[in-house]
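Okay, thanks everyone. I'll put the chain up on the screen, and then we'll go through it together.

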Amino acid sequence: MTKLIQISPADNVAVALHPVAKGETVLGVTALEDIPQGHKMALQPIATGENAVKYGFPIGHAIAEIASGAWVHVHNLKTNLSEGGTYAYAPAVPQLAPQTAETFSGFVRADGRAAIRNEIWILPTVGCVNGIAQKLVQDHQDLVAGNVEGLYAYPHPFGCSQMGDDHAKTRKLLAALTRHPNAAGVLVLSLGCENLTKEQFLEELGDYDSNRVKFLTCQDVEDEFAAASVLLHQLAAYAQTFVRQPVSVSELVIGMKCGGSDGLSGITANPTVGAFSDLLIARGGSTVLTEVPEMFGAEGLLMNRCVNEAVFQKAVAMITDFKDYFTNHHQVVYENPSPGNKKGGITSLEDKSLGCVQKGGTAPVSDVIGYGDAVCTKGLNLLSGPGNDLVSATALTAAGAHMVLFTTGRGTPFGAPAPTVKIATNTALFEKKSGWMDFNAGTVADGESIHDAATRLFDKVVAVASGEKTKSEQNGYREISIFKDGVVL
């Protein structure tokens with residue numbers, strides 16, 4: 001069993017794939033203390049002020065003398081990051097060899113877009129009607145039959161008492177979800193006095209198919225339940241007209257996200273997702289990477305893969321805008337990782353970010369899109385959004401992701417509106433939380449190659465796209481969270 005991995009020959013720390021006991025000699029170095037799984041051990045002395053190097057890049061500097069064989073973590077290592085930084089385009093744009101695209105069993109919408117689910121969604125424009133939306137779902141489960149695969153509501157607290165950018169983000173996000181291809185039919189449910197008016201929503205939504213999208217303003221009718229029931233039955237009848245058929249995987253858009261990360265995230269699960277991303281893009285498909293604050297310290301690895309100067313400048317703007325977001329709120333950009341991340345072995349934001357961007361594989365960055373914007377360019381896309389699990393997974397769905405691949409070393413049960421595949425970074429988590437986890441990438445720590453794990457993941461994605469339910473779907477876990485920045489009136 002391989003217990004330690006030196007990821008790059010330039011590294012002066014190694015990561016414990018499995019716990020290393022004090023006094024145990026691995027890679028020619030004797031551990032001076034117990035090294036937990038996912039944590040780092042010094043391979044050579046690191047002087048105070050000297051950088052610790054992992055993935056071939058600095059992840060922080062020593063704040064005390066670190067002996068060879070010592071545990072390297074928050075007690076003796078500190079980030080190098082600050083709020084500043086300048087960027088210059090030094091293109092290193094790799095090319096992937098095209099591969100023949102397989103098919104999955106999916107749906108094709110009237111406008112030609114592919115879908116992997118055939119559901120009816122109820123989207124409240126304001127939190128005041130959340131209860132109505134949820135009761136409508138409870139009362140109309142009989143509509144889930146035949147080709148209709150589900151009826152779901154997505155409550156949220158916004159849509160009123162918001163101004164400026166917050167109001168615009170809510171409007172844009174809800175309109176983007178209304179367009180999502182996995183929804184064969186959408187009921188947009190309003191109250192009638194909120195500041196997100198129907199007129200504003202229609203302007204944001206643009207052209208739409210009246211067979212697919214219905215509107216109800218509850219204050220305008222005597223019995224909102226009776227009125228909504230009529231509309232839901234119409235949407236269900238329309239949804240029944242869609243049947244699964246062979247669709248090329250080149251039509252898939254897959255979101256990529258990590259949360260509850262540990263020291264193995266950047267070694268097992270995230271590289272597996274990155275290799276999967278390359279496999280899909282080589283077949284003409286698309287992937288989306290977000291969590292901008294978890295790119296800080298590793299953004300250059302993505303920027304230099306931008307296909308041209310224009311995309312590079314969009315990537316720079318995305319990073320600098322998020323840094324401004326932090327500083328405008330009088331916060332430092334490096335107040336990360338979380339307590340759970342640290343317990344799992346992640347020490348600094350550079351450590352976390354270098355592991356996080358592994359999900360982007362090696363493909364060129366084809367485009368950078370804003371919060372609430374849809375993917376319109378094939379290949380690897382960067383999406384502006386925060387690291388928060390629910391907010392970023394919702395943003396990935398709004399961008400048009402048919403499915404979200406979510407890697408985790410700590411475990412989490414939630415699900416986005418798009419099917420959310422939970423990928424364990426370690427086998428212990430996969431076995432312990434079998435009711436949450438869909439895929440085990442911990443096998444990489446036991447010797448499976450990244451390529452083989454990615455091939456297994458590709459097969460899993462095709463199966464889920466063809467109708468196999470994820471654990472979060474089986475559990476009924478679906479929710480949204482909208483990015484908020486400003487005041488509440």
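Let's start with charge: how far apart are the mean positions of the positive and negative charges of the chain? The answer is 3 Å, with 37 positive charges and 50 negative ones going into those means. And just so we're clear, what you're looking at is a predicted model.

Now the overall build. We've got 13 helices and 23 strands in this chain. Lay the C-alpha trace along its principal axes and you get about 75 × 45 × 40 Å. For 489 residues, you'd expect a compact globule to have a radius of gyration near 23 Å, and the chain comes in at 23 Å, so that agrees.

What about the inside? Buried residues are 56% of the 489. If you take the contacts with a separation of 6 or more, 72% of them are between residues 24 or more positions apart. As for the outside, the accessible surface is about 18,200 Å², and carbon and sulfur atoms account for 54% of that.

Okay, let's zoom in on one residue, Ala47. You'll find Ala47 in the loop that runs between β5, residues 40-42, and β6, residues 51-54. Is Ala47 buried, partly exposed or exposed? Its relative accessibility is 32%, and because buried means under 20% and exposed means over 50%, Ala47 counts as partly exposed.

And who does Ala47 touch? Leaving out residues up to four places away in sequence, Ala47 touches Ala62 and Glu65. In that stretch there's also Ile63, 16 residues along the chain from Ala47, and the two C-alpha atoms are separated by 8.5 Å.

Conventions. Residues are numbered from 1 along each chain as its sequence is written. This is a predicted model: local features need pLDDT of at least 70, side-chain atom pairs count only at pLDDT 80 or more; totals for chains, interfaces and linings use all residues. Side-chain values use heavy atoms; hydrogens and water are left out. Helices (H or I, at least four residues) and strands (E, at least two) are DSSP runs, numbered from the N terminus. The radius of gyration is taken over C-alpha atoms; the globule rule is 2.2 Å times the number of residues to the power 0.38. Buried means under 20% relative accessible area, exposed over 50%, partly exposed in between (1.4 Å probe, protein chains only). Contact means heavy atoms within 4.5 Å. Accessible areas come from the Shrake-Rupley method with a 1.4 Å probe; for residues, only the protein chains shown count as cover. Lys and Arg count as positive and Asp and Glu as negative; His and the chain ends are not counted. The place of a charge is taken as NZ of Lys, CZ of Arg, CG of Asp or CD of Glu.
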